[in-house]
Amino acid sequence: MKKTLVAYFSATGTTRQAAQRLAKATGATLCEIQPQQPYTEADLDWNNEQSRSSVEMKDKLSRPAIKKLQVNIAEYDVIYVGFPI
């Protein structure tokens, strides 16, 4: 049996909900990908071109640093990755 992981990044909780449903349906381990610096509500204001999320979307060099994962991804055969789009 293949070992499966669902790793997700969710700023507002929408992707978290989808990842939880997928993990439950597949029997996978669930792992949250977290930014080192949590997002504030102002950071997530995509209507503001100067907000953190807007800047990160436009400039790949400004992507957030992430915390160390709580799992070793090398131990998994199948990995699903969920993220906001």
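This report describes the fold, the cores, the salt bridges and a few individual residues of one protein chain.

**Overall architecture**

The structure is a predicted model, and its chain contains two helices and three strands. Read from the N terminus, these elements follow one another in the order β-α-β-α-β. The C-alpha trace extends over about 45 × 20 × 20 Å along its principal axes. Of the 85 residues in the chain, 28% are buried. The exposed surface of the chain comes to about 6400 Å², and carbon and sulfur atoms supply 54% of it. Among the contacts in the chain with a separation of 6 or more, 60% are made by residues 24 or more positions apart.

**The nonpolar interior and a nonpolar patch**

Which residues make up the largest nonpolar core? This core has seven residues, namely Leu5, Ala7, Phe9, Cys31, Ile33, Tyr39 and Tyr76. Tyr76, one of these core residues, is in contact with Lys3, Thr4, Leu5, Thr29 and Val71 when its neighbours within four places in sequence are left aside. A second core, separate from the largest one, consists of five residues, including Val6, Tyr8, Ala19 and Ala23.

Nonpolar residues also appear on the surface, where Ile73, Ile79, Val81, Phe83 and Ile85 make a patch of about 560 Å². Within this patch, Phe83 is placed in the segment after β3, the strand that covers residues 78–82.

**Salt bridges**

The chain has five salt bridges in total, and three of them are set out in the table below, each with the distance between its closest N and O atoms.

| Basic residue | Acidic residue | Closest N and O atoms |
|---|---|---|
| Lys3 | Glu75 | 3.5 Å |
| Arg52 | Asp43 | 3.5 Å |
| Lys58 | Glu49 | 3.7 Å |

The salt bridge between Glu75 and Lys3 links distant parts of the chain, since Glu75 sits in the loop between α2 and β3 while Lys3 belongs to the segment before β1, 72 residues apart. Both partners count as partly exposed: Glu75 has a relative accessible area of 44%, and Lys3 has a relative accessible area of 37%.

Are the partners of the other two tabulated pairs buried or exposed? Arg52 and Asp43 are both buried, whereas Lys58 and Glu49 are both exposed. Salt bridges that share partners also join Asp43, Arg52 and Glu56 into one network.

**Glu56 in helix α2**

Glu56, a member of that network, is found in helix α2, which comprises residues 52–58. With a relative accessible area of 10%, Glu56 falls under the 20% limit and is therefore buried. Apart from its neighbours within four places in sequence, Glu56 is in contact with Tyr39, Ser62, Arg63 and Pro64. Tyr39, one of these contacts, is also a member of the largest nonpolar core.

**Ser10 in the loop after β1**

Where does Ser10 lie? Ser10 is placed in the loop between β1, which covers residues 4–8, and α1, which covers residues 14–26. The relative accessible area of Ser10 is 10%, so this residue counts as buried. Its side chain takes part in two polar pairings with backbone atoms: the side chain of Ser10 reaches the backbone nitrogen of Gly13 at 3.0 Å, and a polar atom of the Ser10 side chain lies 3.2 Å from the backbone nitrogen of Arg16. When residues up to four places away in sequence are not counted, Ser10 touches Thr15, Arg16 and Glu32. Arg16 thus appears both among the residues that Ser10 touches and as the owner of a backbone nitrogen lying 3.2 Å from a polar atom of the Ser10 side chain.

**Lys24 in helix α1**

Lys24 lies in helix α1. Why does Lys24 count as exposed? Its relative accessibility is 74%, which is over the 50% limit, and Lys24 is therefore classed as exposed. The C-alpha atom of Lys24 is separated by 9.8 Å from that of Val6, a residue 18 residues apart from Lys24 along the chain. Val6 itself is included in the second core of five residues.

Conventions: Residues are numbered from 1 along each chain as its sequence is written. This is a predicted model: local features need pLDDT of at least 70, side-chain atom pairs count only at pLDDT 80 or more; totals for chains, interfaces and linings use all residues. Side-chain values use heavy atoms; hydrogens and water are left out. Helices (H or I, at least four residues) and strands (E, at least two) are DSSP runs, numbered from the N terminus. Buried means under 20% relative accessible area, exposed over 50%, partly exposed in between (1.4 Å probe, protein chains only). A polar contact is a pair of N or O atoms within 3.5 Å; within protein, one must be able to donate a hydrogen and the other to accept it, and residues adjacent in sequence count only if both atoms are side-chain atoms. Contact means heavy atoms within 4.5 Å. Patches are made of residues with over 30% relative accessible area and no salt bridge: like charges are joined within 9 Å, nonpolar side chains (Val, Leu, Ile, Met, Phe, Trp, Tyr) within 5 Å. Accessible areas come from the Shrake-Rupley method with a 1.4 Å probe; for residues, only the protein chains shown count as cover. A salt bridge is a side-chain nitrogen of Lys or Arg within 4 Å of a carboxyl oxygen of Asp or Glu. A nonpolar core is a set of buried Ala, Val, Leu, Ile, Met, Phe, Trp, Tyr and Cys residues joined through side-chain atoms within 4.5 Å.
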